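Please look through the report below, which takes up a buried residue, a nonpolar core and the cysteines in turn.

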Amino acid sequence: MRPTEGTGTGRRSLSATAMATAAVTTACVSLTLLATTAQAATHTPSAIPSTTPDSASLPRLLLLIAGPLLLIAAVALLLRRRTRLRDFAHPLSVPRSVFTALRRADETEIRERAAEEVIRLAAQTRSTTAAPAAAEQAREACATADTLLQRARGVPDLAGVFALLHEGYAALDRSTAPLPLCFFHPLHGTATRRIPWRPSEHGDRFQVGACASCIRALRTRRSPDTLTDQDQASGGPVPYFHLPPEHSVWAATGYGSLLTDASLTTHVQRALGPQP
């Protein structure tokens with residue numbers, strides 16, 4: 001069940017659509033006016049002979065410069081509004097725009113984004129109309145994400161914060177069966193679907209969630225963009241799922257993809273140990 005603020009979300013979606021449409025319309029009108037001005041300037045006879053042979057081509061030059069710029073600005077605004085509309089369509093989740101930004105972010109920026117999203121989920125749990133058990137599950141996931149955020153030692157742990165937030169939102173929204181975050185790199189966002197995967201030729205096969213870009217890479221026999229973690233044995237970075245499961249809660253759970261029993265929240269709570 002969704003929060004009661006869905007009507008406000010609908011109004012914001014319509015407003016974003018109207019603004020994007022207005023931007024494109026304005027660009028088209030501006031281009032039409034420029035074209036009309038250029039045509040009039042070209043064909044209007046001048047009472048005084050021009051001393052500049054190319055003065056008639058100035059409006060055309062302005063049109064060539066301003067026209068594409070207006071169109072580019074309008075299209076950019078439209079694409080931005082569409083991204084926001086997709087976010088409004090799924091209010092009970094970490095917005096897609098956040099994961100898009102995380103692909104280019106460093107550790108400090110990821111940490112700041114994680115803190116913002118913990119606050120957002122906490123607010124959702126206070127205003128939700130979901131069943132009491134679902135609301136409690138979401139609050140537990142949010143509290144665990146907050147604790148993990150305080151103890152996070154690097155990007156793999158910060159990715160775990162987003163996985164816990166994802167689980168919390170899924171508890172509030174029972175309308176669909178949730179997919180986990182991308183197994184190969186959780187900061188890619190929610191998986192598109194589950195695919196068969198095995199870590200080695202002789203290893204067991206698992207059904208893991210994967211995003212569209214990772215699926216494309218696997219189909220073309222390329223290695224997907226994977227989240228790495230520090231291997232204590234070699235001292236270098238390796239794909240996090242290559243670490244021994246007994247040494248990494250993320251290798252053991254795949255950030256939710258490999259779970260068949262308890263929730264990710266429960267596994268992370270065990271790994272964190274007793275609260276101080």
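## A buried glutamate

In this predicted model, Glu 117 has a relative accessible area of 6% and is therefore counted as buried. Glu 117 belongs to helix α4, and, when residues up to four places away in sequence are left out, Glu 117 touches Val 94, Pro 95, Val 98, Phe 162, Leu 165 and Tyr 169.

## The largest nonpolar core

The largest nonpolar core has 49 residues, and the members that touch the most others are Val 161, Phe 162, Leu 165 and Phe 184. Two or more residues of this core come from each of the helices α3 (96-102), α4 (107-127), α5 (132-151), α6 (155-172), α7 (212-219) and α9 (264-272), and likewise from the strands β1 (193-197) and β2 (206-210). Helix α6 gives the most, with 10 residues.

Which residues does Val 161 contact, leaving aside its neighbours within four places in sequence? Val 161 is in contact with Ala 114, Val 118, Ala 145, Leu 148 and Leu 149.

## Cysteines without disulfides

How many disulfides does the structure hold? The structure holds zero disulfides, and the distances between sulfur atoms help to explain this for two of the cysteines. A disulfide would need the two sulfur atoms to lie within 2.5 Å. The closest cysteine sulfur to that of Cys 182 is in Cys 211, at 3.7 Å, which is too far for a bond; for Cys 211, the closest cysteine sulfur is in Cys 214, at 3.6 Å, and this is also too far for a bond.

Cys 182 is buried, with a relative accessible area of 0%, and Cys 211, at 4% relative accessibility, counts as buried too.

Terms used. Residues are numbered from 1 along each chain as its sequence is written. This is a predicted model: local features need pLDDT of at least 70, side-chain atom pairs count only at pLDDT 80 or more; totals for chains, interfaces and linings use all residues. Side-chain values use heavy atoms; hydrogens and water are left out. A nonpolar core is a set of buried Ala, Val, Leu, Ile, Met, Phe, Trp, Tyr and Cys residues joined through side-chain atoms within 4.5 Å. Buried means under 20% relative accessible area, exposed over 50%, partly exposed in between (1.4 Å probe, protein chains only). Helices (H or I, at least four residues) and strands (E, at least two) are DSSP runs, numbered from the N terminus. Contact means heavy atoms within 4.5 Å.
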